[in-house]
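This report goes through a single protein chain with a bound ligand. The ligand site comes first, followed by the annotated positions, a loop residue and the chain as a whole.

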Amino acid sequence: MEYNFTEIEKKWQRKWVEKQTYKVQEDKNREKFYVLNMFPYPSGAGLHVGHPLGYIASDIYARYKRLKGFNVLNPMGYDAYGLPAEQYAIQTGQHPAITTEKNITRYREQLDKIGFSFDWDREVRTCDPKYYHWTQWAFQQMFNSCYDNRQQKAVPIKQLIRHFEEEGTLNLDVAQGEEKMFSARDWMSMDEKEQQEILMNYRIAYLGETMVNWCPGLGTVLANDEVVDGVSERGGFPVIQKKMKQWCLRVSAYAQRMLDGLDKVQWSDSIKETQRNWIGRSEGTEVEFKSVTPVDGKEVENAFTIFTTRADTMFGVTFMVLAPESELVEKLTTAEQRKEVEEYLTYVKKRTELDRMSDRKVTGVFTGSYGINPLTGEKLPIWISEYVLSGYGTGAIMAVPAHDSRDYAFAKHFNLPIIPLIEGADVSEESFDAKEGTVINSPVKETEGCFSLNGLSVKEAIAATKKYVTDKGIGHVKVNYRLRDAIFSRQRYWGEPFPVYYKDGMPYMIPTDCLPLELPEIDKFEPTESGEPPLGRAKIWAWDEANKKLVDKSLIDNKTIFPVELNTMPGFAGSSAYYLRYMDPHNDEALVGKEADEYWQNVDLYVGGTEHATGHLIYSRFWNKFLHDYGYSCKEEPYEKLVNQGMIQGRSNFVYRINSDDHSKDPVFVSLGLKDQYETTPIHVDVNIVHGDILDIEAFKAWRPEYNNAEFILENDKYVCGWAVEKMSKSMFNVVNPDVIIEQYGADTLRLYEMFLGPVEASKPWDTNGIDGCHRFLKKFWKIYQQELTDDEPSKESLKSVHKLIKKVSGDIEQFSYNTAISAFMICVNELGQQKCNNRSLLKDMLILIAPFAPHIAEELWETLGQKESICDAKWPQWNEAYLIESEVQLTISFNGKARFQMTFPADAGKEEIEKIAVADERSQKYIDGKTIIKVIVVPKKIVNIVCK
Ligand code: ANZ
């Protein structure tokens, strides 16, 4: 029988659905294994061959684990909220729900053709109210919580209220925004609104003032990548930095736990390092500086705190710098400097934080005030500059130009003094260019309350200074994290609505039993004319507190009927806890029931791209830790093992058009080998009309009207295209649709080939030229099973071939080294062919081994072997070491040190026996040629050297 992959694959895809082969249920008698892919955003373009790479890799593992007896959860769903559908809606008026649905249908068709073992009964879509019910619920839980630093966990905000009632802020150690101080009596005398405002400073989900890219022209906030050179990417309208109230998540409270957790998971070192840097733990010192501001001939005193990691450099401070947004700017700016300062602040408003950090431009302005160095009493001018960021440390620094490159650049630019801490220290420009960042050779030593510049290592010097300033009461040790709280509001339509309404300007939660709060219908998807987010267009969007329901906005009276939040949640909201929902997707009572959570625990293997290292993988770890604090998720870390699949790059093809000034003439294209004889321009050509780098000329002519009458200069009657490896993208015409490959070769070939391209984690080019090899292999594989099979004793060689394969494939799958496993299959099939192996039991074993890689062909052949159950439920074979022992060894036979030929010996032959056989061989006689054998040296497993004279 022929290998008719199209029929076979259709048949099994149908059967799997009919028999619910991939339906999974909790089963206490079997050990669980949870495999997860980062779920896709269903884009309009559909899948290209790069997308399924990770899914195939995880599917192989999932199938393998099932064969090893595990109860495997392998779900799939869609990250269905997001910008592209919304942009499309704005441009075309098409409702994003409709485009999303359409795209999902297309994705599903494509996925189904590849033969994954997903349990589709567990599908989640982030835009489904039944799903986002739990996103909204989690948000409300966060709103009603604060973070207790002592217990290092989230606790109900009620506990904080009790603390305020009893002690005010005394003995409080809770993660907070601004530091506040008040007594229990103060608290009790506050009205409801004041109390709510105070609580907002501690909530885990809170409304906070954050800097945003505000585009007045578009009436909306833009993401950093939507702003180019200070104007909106779309429309080119000016963008300014503006403080706006936005929902934020207090991710920063979890910074230390996020760091600690990294030690417990099996992720690649590089991703862990990226997260560590992102969290950015920095241990330093906060030091208080007094300041003086000349006002009407007098000096007004103030004080402020700076954060430094180099307390040891306090003798080198020559000026101080405030972040432009710092509240101190207002206090410390003198009348004389006011105009200049205001102009500078206007300039900074146009700069995004990214510009400020990456730009090497030196800008700044003097406030008119001076700081006092607590160690020397010296007066230091206080400047304002954009290189000091308001969100980090205290937003104020002591500048040490001799030992910090940015301070150095600033000092040079504004002609401020530079005091090296080491006599003769190199403070030339070159020394800073050469050493990026800080010069770390400024040891200081404490002598009589002062520092002299020698002796200690930097580390010791920092420690000594820390101790000194702490003892003197002018400073204390401080750990800072770069990790910021996450901004959680978007002024967009296609996202989860916040279950929030506003009473007297303060947010209140819609009762939990009224969730989900469904996304309302609106007629247009843009911001309103008055600059409100799109939800400002919703009519039934007011909360009736008494009747607990949404009502028409015109009824708002701010007594019982209140306005509802107009922002929606950002993209990462829906993906933050989806792995928990898959465990129990139909539960209407909880995000995940206790039983399901305790059974599935967390994801054992997570497969996805590295681009999520600082986004999704930070947010979902935070989200899970929060849920874990309340016992909703039994594990603290959501993803035990993480594998990052590489990118599949496109292999682009080019045709070479001969340059011509006359555009009315039909174009002429010259084949690759001849192109150097002309002046040409390379043009990307659709890879789907190129086969093995040979252009399908007719298809090319039909591709574009302007090529209908094109002419070609051929080599050997063929047009050979050039090629290059580039990103797989529509604009390069190098996108390969898996459907096309499946049609031509079948899904099993596609799966095998994607894995054969190279290690899962490596990026590699898609090169269709190699796919034939994989397809031929499957045909060969198929053929072996077409012979009459026997139950006779298998040959030793066949036993060895198959058991070698079992061992190799088992090990390789565990290591995700699928490409080497596939090579092993190819070798084994060749060996079995040569051995004419037709042993049923061995071939059955080999079938189970290939089932994770090529499930359709495996099922089909399994059935022909008379098996009634799916091969998915077979038992993974175990190799027997006894069969692997080599029965023969090959040795090189040399004469007087010269290697001449190879000979095979029984593996257990002793030295003497080897010597005898070697000397007796006919070929040996030729080399001995009548001479006398002086000695024979046998090096076991290597050579036999016959020395003769
Ligand atoms: C004096 C000094 C001397 C500093 C020296 C460095 C080198 P990390 O390690 O990233 O925590 N800094 C503090 N707050 C800042 C802010 N809001 N914006 C910009 N820079 C800020 O860096 C801490 C160092 O960065 C601090 O130590 C401070 O400069 C600066 F030879 O203080 B240092």
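## Terms and basis

A residue is near a molecule or strand if one of its heavy atoms lies within 4 Å of it. The model is predicted: local features need pLDDT of at least 70, side-chain atom pairs count only at pLDDT 80 or more, and totals for chains, interfaces and linings use all residues. Residues are numbered from 1 along each chain as its sequence is written, and side-chain values use heavy atoms, with hydrogens and water left out.

## Ligand site

The ligand is surrounded by 18 residues, of which Ser282, Thr308, Leu389, Tyr392 and Arg482 come nearest. The shell consists of eight nonpolar, seven polar and three charged residues. In this division Ala, Val, Leu, Ile, Met, Phe, Trp, Tyr, Cys and Pro count as nonpolar, Asp, Glu, Lys and Arg as charged, and the others, Gly among them, as polar. Two strands, β11 (298-308) and β15 (396-399), each supply at least two residues of the shell. Helices (H or I, at least four residues) and strands (E, at least two) are DSSP runs, numbered from the N terminus.

Three side chains make polar contacts with ligand oxygen atoms. A polar contact is a pair of N or O atoms within 3.5 Å; within protein, one must be able to donate a hydrogen and the other to accept it, and residues adjacent in sequence count only if both atoms are side-chain atoms. For Ser282 the distance from a polar side-chain atom to a ligand oxygen is 2.6 Å, for Thr308 it is 2.7 Å, and an N or O atom in the side chain of Tyr392 is 2.5 Å from a ligand oxygen. On its own the ligand has 650 Å² of accessible area, and the protein covers 84% of this. Accessible areas come from the Shrake-Rupley method with a 1.4 Å probe; for residues, only the protein chains shown count as cover.

## Annotated positions

An unreviewed UniProt entry assigns "domain: Aminoacyl-tRNA synthetase class Ia" to residues 11-156. UniProt positions follow the numbering used here, feature names are shortened, and annotations may be inferred rather than shown by experiment. The span 11-156 is 47% helix and 12% strand, and its end C-alpha atoms lie 55 Å apart.

The UniProt feature "binding site" (unreviewed entry) is placed at Lys730, in the loop between β33 (722-726) and α22 (738-745). Lys730 counts as exposed because its relative accessibility is 64%; the class requires over 50%, buried means under 20%, and partly exposed lies in between (1.4 Å probe, protein chains only). Leaving out residues up to four places away in sequence, Lys730 touches Ala45 and Val735, where contact means heavy atoms within 4.5 Å. Asp739 is in helix α22 and is buried, at 13% relative accessible area. With the sequence exclusion of up to four places, Asp739 touches Arg106, Gln110 and Lys113.

## A loop residue

Asp191 sits in the loop between α7 (184-189) and α8 (192-200) and is partly exposed, at 42% relative accessibility. A polar atom of the Asp191 side chain lies 2.8 Å from the backbone nitrogen of Glu194.

## Whole chain

The chain has 31 helices and 38 strands. Of its 949 residues, 52% count as buried. Its C-alpha atoms fill a box of roughly 115 × 80 × 75 Å along the principal axes. Among contacts between residues at least 6 apart in sequence, 71% join residues at least 24 apart.
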